[in-house]
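Trainee: I have this model open in front of me, and I would love a close look at one part of it. Could you pick a helix and walk me through it slowly, together with whatever surrounds it?

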Amino acid sequence: MPIPLADRAVVFLAYDPGISPKGGGLPGLAVLKNVVNSINMFGIIAVVGALAVSLGVWAWGHHTGGHQAEANGKKGAVVAAGAALGLGAANGIVAFFSGLGSQVH
């Protein structure tokens, strides 16, 4: 008796390919990790600069009565703080969702 099309789709979707992340499988993995770490450090340093400039614009706008400059400084400070949060938490965020994804069956 042939299997109905809907049941074949369920069987196909339930197939486990047996793939899992594994370190050391490819050459250059240590170099790639070093490059990503360097990019992350560069981003954090850039965010420190952006935060300093934004806080300076905020203070300058406040003391000179430039409301648009003050608002832009505040906006830049919030964006820089959010970017710092994202860069600092990137490894944990990826690890969290990777672990969450590995629980899907």
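Mentor: Happy to! Let's begin at Gly88, which is found in helix α3, and let that helix be our part for today. Before we look closer, please keep in mind that this is a predicted model.

Here is a little background on the whole protein. It has three helices and zero strands, so to speak an α-α-α pattern when you read along the sequence. Of the 105 residues in the protein, 9% are buried. The protein exposes about 8700 Å², and carbon and sulfur atoms supply 73% of that area.

Now for α3 itself. Helix α3 runs over residues 67-102 and has 36 residues. From its first C-alpha to its last it reaches 49 Å, close to the 52 Å expected at 1.5 Å a residue. Scroll along the helix and you will find a kink of about 60°, centred on Ala89.

Back to Gly88. Is Gly88 buried or exposed? Gly88 counts as exposed, because its relative accessibility is 61% and the cut-off for exposed is over 50%. Gly88 also gives us a first link to another helix. The C-alpha atoms of Gly88 and Gly43 are 45 residues apart along the chain, and 9.9 Å separates them in space. Gly43 lies in helix α2. Leu87 can be paired with Gly43 too: these two are 44 residues apart in sequence, and their C-alpha atoms are 7.3 Å apart. Gly43 itself counts as buried, because its relative accessibility is 16% and buried means under 20%.

That brings us to the partner helix. Helix α2 covers residues 29-64, which makes 36 residues, and it reaches 52 Å from first C-alpha to last, close to the 52 Å expected at 1.5 Å a residue. After α2 comes Gly65, whose phi is positive, near 85°.

Which residues of α3 are buried? They are Ala69, Glu70, Gly73, Ala77 and Ala80. The buried residues of α3 pack against α2. If you turn the picture around, the buried residues of α2 are Gly43, Val47, Ser54 and Gly61, and these pack against α3. There is a general idea worth remembering as you look at lists like these: an α-helix has 3.6 residues a turn, so residues three or four places apart point the same way.

Let's pick one residue from each side. Ser54 is found in helix α2, and it is buried because its relative accessible area is 11%. Leaving aside its neighbours within four places in sequence, Ser54 is in contact with Gly73, Gly76 and Ala77. Gly73 and Ala77 are among the buried residues of α3.

On the α3 side, look at Glu70. At 15% relative accessibility, Glu70 counts as buried. When its neighbours within four places in sequence are set aside, Glu70 is in contact with Trp58, Gly61 and His62. Gly61 is one of the buried residues of α2.

Glu70 has another partner to show you. How many salt bridges does a search of the whole structure find? It finds one. In that salt bridge Glu70 pairs with Lys74, and the closest N and O atoms are 3.9 Å apart. In general, side chains of opposite charge can pair when their charged atoms come close. Where do the two residues sit along the helix? Glu70 and Lys74 are four residues apart in helix α3, so about one helical turn separates them. Their surroundings can be described separately: Glu70 counts as buried at 15% relative accessibility, whereas Lys74 is partly exposed, with a relative accessible area of 37%.

Finally, let's see what the database record says. The unreviewed UniProt entry lists residues 39-60 and 80-100 under "transmembrane region". In the model, residues 80-100 are 100% helix and 0% strand, with their end C-alpha atoms 28 Å apart. Residues 39-60 are also 100% helix and 0% strand, and there the end C-alpha atoms lie 31 Å apart.

To gather up the view of our helix: α3 carries a kink of about 60° centred on Ala89, its buried residues pack against α2, and Glu70 forms a salt bridge with Lys74.

How values were computed. Residues numbered from 1 in each chain as written. Predicted model: local features only at pLDDT ≥ 70, side-chain atom pairs only at ≥ 80, totals over all residues. Heavy atoms only, no water. Expected span 1.5 Å × (residues − 1). Buried < 20%, exposed > 50% of the residue type's maximum accessible area, 1.4 Å probe, protein only. Contact = heavy atoms within 4.5 Å. UniProt positions renumbered as here; feature names shortened; annotations may be inferred. Areas by Shrake-Rupley, 256 points an atom, 1.4 Å probe, with all protein chains shown as cover. Salt bridge = Lys/Arg side-chain N within 4 Å of Asp/Glu carboxyl O. Bend = angle between axes of the 7 residues up to and from the residue.
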